[in-house]
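Subject: Handing over the structure, with notes on what was found

Dear colleague,

I am passing on the structure that we talked about, and below it you will find my notes, which are best read with the structure open beside them. Please take your time with each part and look up every residue as it comes.

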Amino acid sequence: MLVAARKGGVTGSPLTSSPLSITSTAQPGLLGGWLSRIPLPKWALIAVAVAVAILFLLFLICIIKCCCCKKKPKKKERVGLLAVNSTTTANLVQPEMEDLEQGPEQTWRGKLQYSLEYNFRAHELKVGVKQAAELKAMDSGGTSDPYVIVYLTSDMKKRYETKVYRRTLNPVFNESFTFQVPQAEVAESTLVMQVYDFNRFAKHDIIGEVRLPLAKVNLQHVLEQWSDLAAASKVEEEQLGEICFSLRYVPSTGKLTVLILEAKKLKRMDSHGLSDPFVKVHLILNRKKWKKKKTSVKKNTLSPYFNEVFVFEVPFSQIQNVDLVISVWDHDKVSKNEPIGKLFLGCQATGKQLLHWSDMLASPRRPLAHWHSLQPPELVDKALALKSHLKLPLTSR
């Protein structure tokens, strides 16, 4: 019995104590405890876990695709631009403003028929505005009220206009206009014919224009042709003419020598298409007129030759406060003389005028001649009034 009891104890103890020891030492984890509290079967929990995993994977795939789509065009763009030369690349990356403005303007505007005839004896250019066809509709009703303005770039002050034709895209004008143009100036002129749409209560809209450089036209014969209307270009600046003069300054004696040589392509001021030009030379000291001289008057010409010399006494201590104003005038016996154009030189000038003045100071005793373009008188007067002069002490005479 003792042996049996011992055997039973030996054999029974592991059977009874083993499960008790397992259940007492192995405590459930946090996840297991949380899952045990959910009142769902095990298969439902597995299904929810699988659905959440699928949604998470889909979300990751969407993020990856979005990132790839943003990066790919940049790579293609870089590769494409590297294969193109520098100027084309610059145009692709940052196009000029003129190209942006002219892009939408490349539409059909219509066409214009005209004629040209030049009389070499009378120096007259006869321009015939015949008709227009297939004009662009500018009004809401699908029509336009067209008329034509005709002028030459060499004399923009003189303009002609045709009659206005109501509600039509195919007007017939049959009007002619005559311009006085010396034969020597024909090649430098451009004929401009602009077609406008008339508006009674608003600004007239330009439909298009034809620009014809006369240098490219054979005026030995009468010309009659059709031309397509192009988009109107920017308003050109009126050409007032050019003047050539020489400057010479001697610091030791304080003498400033101005030699007025000649002028060319001056603006027409008289009704017969010419002018009676003369030149005024002003010295301005600290914004005030100081000294003045003028040339003789040259009759009936747009290209006068003067070759007249003027000498001014300007001490070297005052040269930085002095401005030299060159102005070309049209002489008139009956009415007041009219200015054609002006320009000024000095330390406060800009562009070619400043360069001419600086060269004169850098090369004392040496005469230096240059051509200069005349500017509108009001612009020069405004620049002289607004500029800031250097205030240097003046020496007593």
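Before anything else, one term is needed: a residue is called buried when its relative accessible area is under 20%, exposed when it is over 50%, and partly exposed in between. Please also keep in mind throughout that this is a predicted model.

With that term in hand, K265 makes a good starting point, because at 39% relative accessibility K265 counts as partly exposed. K265 is found in the loop between β10 (255–264) and β11, and the phi of K265 is near 55 degrees, which is a positive value in a residue other than glycine. Most residues other than glycine have a negative phi. A second case is R365, which is not a glycine either and has a positive phi of about 70 degrees. R365 lies in the loop between α7 and β16 (368–373), and with a relative accessible area of 48% R365 is partly exposed.

As for the chain as a whole, it has eight helices and 16 strands, and buried residues make up 34% of its 397 residues. If you take the contacts between residues at least 6 apart in sequence, 64% of them join residues at least 24 apart.

Let me turn to the sheets. One open sheet of four strands has the order β4-β3-β6-β7, with antiparallel pairing. In this sheet β4 and β7 (205–213) stand at the edges, and each has a single partner strand, so one side of each is left without a neighbour in the sheet. Neighbouring strands of this sheet are turned by 20 degrees against each other on average, if direction is ignored. Within the sheet, strand β3 (residues 146–152) and strand β6 (residues 190–197) pair in the antiparallel sense over seven bridges, and V150 stands opposite M193 in β6. The pairing of β3 and β4 is also antiparallel and runs over four bridges, and these two strands form a hairpin with two residues between them. Y151 stands opposite R159 in β4, and the side chains of these two residues also meet, as the charged end of R159 sits over the ring of Y151, 4.1 Å from its centre.

Another open sheet of four strands has the order β12-β11-β14-β15, again with antiparallel pairing. Which strands stand at the edges here, each with a single partner strand? They are β12 (288–294) and β15 (338–346), so one side of each is left without a neighbour in the sheet. The average turn between neighbouring strands of this sheet is 25 degrees, direction ignored. Strand β11 (residues 277–285) and strand β14 (residues 322–330) run antiparallel and are joined by nine bridges, with H282 standing opposite V325 in β14. Helix α7 (residues 351–362) lies across β14 and β15, and it runs at about 50 degrees to β15. There is a charge over a ring to look at as well: the charged end of K291 sits over the ring of W290, 4.4 Å from its centre.

Next come the aromatic rings. How many aromatic pairs does a search of the whole structure find? It finds five, and one of them is formed by Y160 and F179, an edge-to-face pair with 5.1 Å from centre to centre and 80 degrees between the planes. This pair links distant parts of the chain, since Y160 belongs to strand β4 (residues 155–161) and F179 to strand β5 (residues 172–180), 19 residues apart. Y160 is partly exposed, with a relative accessible area of 22%, whereas F179 is buried, with 3%. Y165 and F173 form an aromatic pair that is likewise edge-to-face, at 5.4 Å centre to centre and with 85 degrees between the planes. Of these two residues, Y165 counts as partly exposed at 25% relative accessibility, while F173 counts as buried at 4%. Y160 and F179 also belong, together with F177, to one aromatic cluster.

Finally, a word on the cysteines: the structure holds zero disulfides. Among the residues to look up here are C244, which counts as buried at 8% relative accessibility, and C347, which is partly exposed with a relative accessible area of 26%.

With best wishes

Technical notes
Residues numbered from 1 in each chain as written. Heavy atoms only, no water. Phe/Tyr/Trp six-rings, centres within 6.5 Å; stacked < 30°, edge-to-face > 60°. Buried < 20%, exposed > 50% of the residue type's maximum accessible area, 1.4 Å probe, protein only. Lys NZ or Arg CZ within 6 Å of the ring centre and 35° of its normal. Pairing = 2+ DSSP bridges. Axes fitted to C-alpha atoms, helices over the stretch in contact; angles between N-to-C directions. Disulfide = S-S within 2.5 Å. Contact = heavy atoms within 4.5 Å.
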